[in-house]
Amino acid sequence: MSAVAQVIDVNAGAEVEQELTDGFHLVIDALKLNDIDTIYGVPGIPITDLGRMAQAEGIRVISFRHEQNAGNAAAIAGFLTKKPGVCLTVSAPGFLNGLTALANATTNCFPMILISGSSEREIVDLQQGDYEEMDQLAIAKPLCKAAFRVLHAEDIGIGVARAIRAAVSGRPGGVYLDLPAKLLGQALDAAKGEKSLVKVIDAAPAQLPSPEAVKRALDVLKGAKRPLIILGKGAAYAQADETIRDFIETTGIPFLPMSMAKGLLPDTHPQSAGAARSTVLKDADVVLLVGARLNWLLSHGKGKTWGDAPKKFIQVDIEPKEMDSNVEIAAPLVGDIGSVVAALNNGIKSGWQAPPSEWIDAINARKEVNISKMSQRLLKNSTPMDFHSALGALKQVIKERPDAILVNEGANTLDLARGVIDMYQPRKRLDVGTWGVMGIGMGFAVGAAVETGKPVLAVEGDSAFGFSGMEVETICRYNLPVTIVIFNNNGIYRGTDTDPTGRDPGTTVFVPDSRYDKMMEAFGGVGYHVTTPDELKKAVDAGMDSGKPTLINAVIDPAAGSESGNIGSLNPQSVVKKK
Ligand code: ADP
Ligand code: MG
């Protein structure tokens with residue numbers, strides 16, 4: 001939209017009308033032209049009016065209380081939609097707050113664009129001390145996939161186009177776009193402005209694997225006695241759900257989902273090896289990785305977890321550099337997952353032999369033992385609740401509401417929920433991802449609710465919740481269908497630590513018996529305080545049925561958690577003996 005301005009035509013000496021646009025409008029027009037319909041952010045100098053105008057022009061603008069949470073919402077929007085999620089922040093401190101989310105998005109391969117206002121180049125570059133002075137472009141560069149700055153209004157179209165393409169093409173990731181304050185007010189002839197906009201054609205082009213690579217991979221797979229498919233969040237992101245399901249069901253190969261790939265095929269699928277994880281990782285002889293990296297979450301593809309038997313890896317990934325990152329990849333399949341798995345499907349049309357029944361039987365036997373062990377722990381009706389008895393109730397909730405989105409963070413709350421709560425549909429489990437980072441909770445919950453319109457259940461450790469807890473106000477303000485469960489065990493890992501000197505509370509404990517439910521009530525949402533699995537289930541059902549912002553303070557035994565959940569082994573040990 002442009003403004004009409006009176007401009008004196010000097011040559012003619014008469015007044016003529018010229019239509020003008022400016023930086024503000026060009027940014028908004030460029031985003032709209034590329035189907036970006038939502039902005040997550042925190043208003044302030046110099047982007048307050050940009051948010052206002054974007055809202056007036058029909059873009060949905062969701063204002064948060066802290067940029068990190070806005071950034072996390074944008075990042076998860078990117079994961080859920082394959083379009084870059086946009087986060088808008090003010091300069092220096094707001095930019096830095098958003099940067100954590102941008103770096104996290106990049107690490108997780110989520111497409112996101114962080115747009116930050118910045119101060120005047122002339123002053124920043126001479127380091128003369130501008131308001132919120134910071135060389136933001138230089139700082140963002142090493143922390144994201146690409147970073148751009150636009151200095152002239154006529155370059156906004158190109159700047160936005162480059163940011164979008166960089167975020168979603170190849171391996172997706174975070175992009176930084178720097179918009180100096182002065183740019184936004186720059187005027188430009190409206191027709192010239194409109195012409196300068198760029199519609200990004202085929203932003204994430206298909207990348208087909210070579211026929212040789214497909215043949216090599218199928219030859220390795222056909223030679224397997226104990227094959228395994230590992231699905232990662234790249235497979236969930238690809239939205240090639242049917243193609244992947246086809247391949248798995250036609251081959252009959254057992255599959256193991258990484259955390260955010262759970263539900264791509266239901267966890268209750270007969271071929272799921274989720275309940276026999278240690279066995280399949282140890283005993284498989286050929287492993288096909290689909291959008292999963294052999295990073296710390298898979299013990300780097302070696303060591304005790306993977307056993308002594310020799311293994312061959314086949315890896316499907318859009319990023320060629322991912323191959324051989326940790327161990328030799330016998331058959332690299334570089335391309336987008338949809339195209340690669342379609343090629344594999346095509347390749348097995350001419351014949352495929354199901355994996356040996358000894359392998360399938362061994363997995364099923366192990367699954368049966370583990371599932372029955374687990375179900376006994378889930379049924380315990382202890383007071384106070386432990387993690388398992390509380391999770392038993394939540395497992396049932398998701399079973400009854402398979403299209404709800406589960407957000408999950410914490411230590412024990414995360415590790416145990418991942419194993420206990422079965423997922424039934426793709427892209428329904430959103431969690432701490434590749435870094436295992438705390439603080440994604442409320443940002444992901446808001447982003448998921450806004451993008452999908454589906455009910456969200458956020459299962460949060462009391463510590464994890466603290467990083468983004470103020471966003472309960474945001475959830476209430478936008479009246480989002482988010483139900484939050486806080487597993488309140490009075491602290492980090494456990495609520496039982498003490499200060500040996502007796503002076504202060506222990507370093508890992510919080511105010512005991514806190515009432516997080518009151519936080520939600522403060523902003524007009526609904527709060528519950530529960531102490532049994534039955535009460536918990538009832539409260540969650542009520543929250544999710546009502547669609548109203550709801551927070552449930554679930555009292556968990558302060559002694560129930562273990563140090564750092566499942567990853568306690570990552571803590572360094574002091575060599576000095578305790579006195
Ligand atoms: P997980 O943590 O679930 O194992 P990772 O984040 O480690 O998953 O791995 C995801 C992988 O998926 C990354 O290496 C990324 O390059 C890849 N990827 C993301 N999107 C696609 C896609 N559309 N096609 C192919 N590979 C993809
Ligand atoms: Mg805790």
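**Close-up 1. Ligand 1 and its polar partners.** A backbone N or O atom of isoleucine 337 sits 2.9 Å from a nitrogen atom of ligand 1, a polar contact in the sense of a pair of N or O atoms within 3.5 Å (within protein, one must be able to donate a hydrogen and the other to accept it, and residues adjacent in sequence count only if both atoms are side-chain atoms). Taken alone, ligand 1 exposes 580 Å², and the protein buries 97% of that; accessible areas come from the Shrake-Rupley method with a 1.4 Å probe, and for residues only the protein chains shown count as cover. A polar backbone atom of isoleucine 318 is 3.1 Å from a nitrogen atom of the ligand, while an oxygen atom of ligand 1 has a polar side-chain atom of arginine 293 at 2.7 Å.

This is a predicted model, where local features need pLDDT of at least 70, side-chain atom pairs count only at pLDDT 80 or more, and totals for chains, interfaces and linings use all residues. Residues are numbered from 1 along each chain as its sequence is written, chains are lettered from A and ligands numbered from 1 in the order in which they are written, and side-chain values use heavy atoms, with hydrogens and water left out.

**Close-up 2. The shell around ligand 1.** Count 19 residues around the ligand, with Arg171, Lys233, Arg293, Asp317 and Ile337 the closest; a residue is near if one of its heavy atoms lies within 4 Å. The shell splits into eight nonpolar, six polar and five charged residues (Ala, Val, Leu, Ile, Met, Phe, Trp, Tyr, Cys and Pro count as nonpolar, Asp, Glu, Lys and Arg as charged, and the others, Gly among them, as polar). Helix H11 (residues 233-237) supplies the largest share, three residues; helices (H or I, at least four residues) and strands (E, at least two) are DSSP runs, numbered from the N terminus. Ligand 1 lies between domain 1 (23-196) and domain 2 (211-365), because both give residues to its shell. Those bounds come from an automatic or database domain assignment.

**Close-up 3. Where domain 2 meets domain 3.** Domain 3 covers 379-568, and its C-alpha centre is 32 Å from that of domain 2. Here 16 residues of domain 2 are in contact with 16 residues of domain 3, contact meaning heavy atoms within 4.5 Å. About 1,400 Å² is buried between the two, 53% of it from carbon and sulfur atoms; buried area is the accessible area (1.4 Å probe) that two parts lose on being put together, summed over both. On the domain 2 side, Met260, Lys262 and Trp296 lose the most area, together 39% of what that side buries.

**Close-up 4. Two loops with backbone quirks.** Isoleucine 45 and proline 46 are joined by a cis peptide bond, with omega about 5°. Proline 46 belongs to the loop between strand E3 (38-41) and helix H2 (48-56). Cysteine 109, in the loop between helix H4 (92-108) and strand E6 (112-118), has a positive phi near 65° although it isn't glycine.
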